[in-house]
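Student: Before we discuss this chain, could we look at it together and ask what justifies each term we use?

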Amino acid sequence: MSESEPKKNSELITSDYSIESVVEQNASFVGGVRLLQALFPEVSRKHLESYGEYFIKIEKEQMYPDRFFFLVAKDKNGRVVGVSVFNYLDRPSESINTDRNGVIYLEYIGVHPTVGRTRLGSRLFWESVNLVINEGYKPSAVLAEVVKADPQIPALGEETVNDRLKFFSRLGARILSGIDYKIPTYRHQGEIPAILLIRTLDSDVRVDLWFVRAIIYALVYDVFRYDGEISEERAEETYSSIIGSIDRQNLRLVDPLNRS
């Protein structure tokens, strides 16, 4: 094939796409939100669109030292075909004797189905990690949540959930077992049962009780800080419930594809 001939989707590779860090509510942001709405139909449209508020200076100041990031991947025609939304959470763990105190919380990552075999999703993941590091932070791990299969929600079938777990497994992420985790957001009448995954970024990170308590605190209380619909009392109840569910004997990381 000559260079002048257009490549078919099956022939494209990850380097054929450009990665852009979005810092305002521009066309790239709109394209990213629309893609997220298509990839995650179980999530409310209003929630995704509200991410634009985090670009405002006063919101940035309220979040500090935490940071919000929004990345998109574009094809050569400028179409958004991938998106990654994540935060840097500055929450140290008492168990880690290192300067890698914070964690990356990956809220959403996904690519358009037509580019699913280009490994663009993996590239977006590592571009997200590198962006945080290039900003001067030293995260100890990446956290991600996969909502558990729900027969009442067509978009959350077993196949969809397993595909998401396979994606994170290929990246080296592991499921945190021995804990009953729930996402404290989106549905304000109750938390969402989910699987918590951890991709450690440094060899000295010990995923013990202190580390788990620190990341759960960060996840729950950052939701409380940034979402006015969640009360402090509810945040405390959610945190206590998740921590209270910990089975210390089985608190460990397991392969998402072999959870036995």
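**Terms and their grounds**

Tutor: Just after α5, Gly172 has a positive phi of about 90 degrees; keep in mind that this is a predicted model.

Student: What makes the span of helix α5 agree with its number of residues?

Tutor: The expected span is 1.5 Å times one less than the number of residues, so the 13 residues of α5 (residues 158-170) should span 18 Å, and the end C-alpha atoms are indeed 18 Å apart, which agrees.

Student: Which residues of α5 are buried, and what do they pack against?

Tutor: Val161, Arg164, Leu165, Phe167, Phe168 and Ser169 are the buried residues of α5, and they pack against elements including α1 (27-39), β4, α4 and β8 (192-200).

Student: Why is Arg119 called exposed?

Tutor: Exposed means over 50% relative accessible area, and Arg119, at 51% relative accessibility, therefore counts as exposed. Arg119 sits in the loop between β4 (103-111) and α4 (120-134), and its phi is near 65 degrees, a positive value in a residue other than glycine.

Student: What makes a positive phi or a cis bond worth pointing out?

Tutor: Most residues other than glycine have a negative phi, and most peptide bonds are trans. Here a cis peptide bond, with omega about 10 degrees, joins Tyr64 and Pro65, and Pro65 is placed in the loop between α3 (57-63) and β2 (67-74).

Student: How much of the chain counts as buried?

Tutor: Buried means under 20% relative accessible area, and 49% of the 260 residues of the chain count as buried.

Technical notes:
Residues numbered from 1 in each chain as written. Predicted model: local features only at pLDDT ≥ 70, side-chain atom pairs only at ≥ 80, totals over all residues. Heavy atoms only, no water. Helix = DSSP H or I, 4+ residues; strand = E, 2+ residues; numbered from the N terminus. Buried < 20%, exposed > 50% of the residue type's maximum accessible area, 1.4 Å probe, protein only. Contact = heavy atoms within 4.5 Å.
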